[in-house]
Amino acid sequence: IEWSRDGQKLGYLAREPKSEERKKKEKDKDDAWTPSSLYPWNRLWTMDVATRKTTQLTSGEMHVTGFSLSPDGKQAVFAGQPTPLIPDQFNSEIYLVPTAGGRSAPLVQRKGTDNSPAWSPDGKWIAFISQDAKTTAWYSNNHLCVVSPSGGPVHNLTGSFDERVQGFGGELVWTPDAAYITFQSNARTAQHLYRVSPTQGTVQP
């Protein structure tokens, strides 16, 4: 769950409700199914706090694993993969969608994992964890990357950092002044806290 900065909107992930057709089949005991026909899809939703109106932002063959709201609350950035299956986490991409509803637009589409997006407080950058288009292997290092919300080149901030980047509970955290992105990483048997500037790219403990 994430609040918009003005406190007027909530973003959250939830399973897609059963369709009327599915409900009828279950009632009629005609509900045979295969795993691929009933994947537990995660969908991205928003709720207007004042009216409690909810809006489903994603549908179809798109399983959402993480998201972040823009500072003005008008857009959401999210990581989506083609199915909820574990191997497809290595086929995840980054998308933008209006929080009022509308078509999703790809922001980062390339080989490997791109997930855990986090919008900077000043709105200038979107940080995310990535295999940096190098591989889809589960045992490889991943990196902290940033991209402009308007698109353009992806910048790998931890290319020379020879450890796996991890978020806090899966999430990257910006400092309030947008000067640094903080993350966790294991070094031998210990876990450490690091930070990196979105413009300088120097990892600091």
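**Pockets, strands and salt bridges**

User: Which helix gives the largest share of the lining of the second largest pocket?
Analyst: Helix 1, residues 20-27, with 4 residues of that lining. Keep in mind that this is a predicted model.

User: What is the volume of the second largest pocket, and which residues are closest to its centre?
Analyst: The volume is about 480 Å³. The pocket has 17 lining residues, and K18, R22, S37, L38 and Y39 are the closest to the centre.

User: What makes K18 and R22 count as charged, and how many charged residues are in this lining?
Analyst: Lys and Arg belong to the charged class, so K18 and R22 fall into it. In total, the lining holds 7 charged, 7 nonpolar and 3 polar residues.

User: What about the largest pocket?
Analyst: Its volume is about 650 Å³. E2, F67, S68, P117 and E171 are the closest to the centre, out of 31 lining residues. Strand 1, strand 5 (63-69), strand 9 and strand 13 (173-174) each give two or more residues to the lining. By class, 15 residues are nonpolar, 13 polar and 3 charged.

User: Why is strand 9 called largely enclosed?
Analyst: Buried means under 20% relative accessible area. In strand 9, residues 114-119, 6 of the 6 residues are buried, so the rest of the structure largely encloses this strand.

User: How do you know that strand 9 and strand 10 pair?
Analyst: Pairing needs at least two bridges. Strand 9 and strand 10 (residues 126-130) have 4 bridges, in the antiparallel sense. As one example, N115 stands opposite I129 in strand 10. The hairpin of these strands has 6 residues between them, and G123 there takes a positive phi near 80 degrees.

User: How is the open sheet of 4 strands ordered, and which strands stand at its edges?
Analyst: The order is 1-2-3-4, with antiparallel pairing. Strand 1 (2-3) and strand 4 (54-56) are the edges: each has a single partner strand, so one side of each lacks a neighbour in the sheet.

User: What makes strand 1 and strand 2 a pair?
Analyst: The cut-off is at least two bridges. Strand 1 and strand 2 (residues 9-15) are joined by 2 bridges, so the pair qualifies. E2 has G11 as its bridge partner in strand 2. The hairpin of strand 1 and strand 2 has 5 residues between the strands, and G7 in the turn has a positive phi of about 75 degrees. Strand 2 is also joined to strand 3 (residues 42-48), by 7 antiparallel bridges. There, L10 is partnered with M47.

User: Why is the contact of E21 and K25 called a salt bridge?
Analyst: The limit is 4 Å from nitrogen to oxygen. E21 and K25 meet at 3.8 Å, so the contact qualifies. Being 4 residues apart in helix 1, they are separated by about one helical turn. E21 is exposed at 54%, while K25 is partly exposed at 33%.

User: What makes K134 exposed and D132 buried?
Analyst: Exposed means over 50% and buried means under 20%. K134 has 52% relative accessibility, so it counts as exposed. D132 has 15%, so D132 counts as buried. Salt bridges with shared partners join R110, D114, D132 and K134 into one network. Within it, K134 and D132 come to 2.7 Å, N to O. D114 and R110 meet at 3.4 Å, and both are buried.

User: How many salt bridges are there by this rule?
Analyst: The count comes to 7.

Notes:
Residues numbered from 1 in each chain as written. Predicted model: local features only at pLDDT ≥ 70, side-chain atom pairs only at ≥ 80, totals over all residues. Heavy atoms only, no water. Buried < 20%, exposed > 50% of the residue type's maximum accessible area, 1.4 Å probe, protein only. 1 Å grid on protein atoms, 1.4 Å probe; cavity = no way out; pocket = protein on both sides within 12 Å on 5 of 7 lines; lining within 4 Å. Points joined across faces, edges and corners; volume = space filled by probe spheres on them. Salt bridge = Lys/Arg side-chain N within 4 Å of Asp/Glu carboxyl O.
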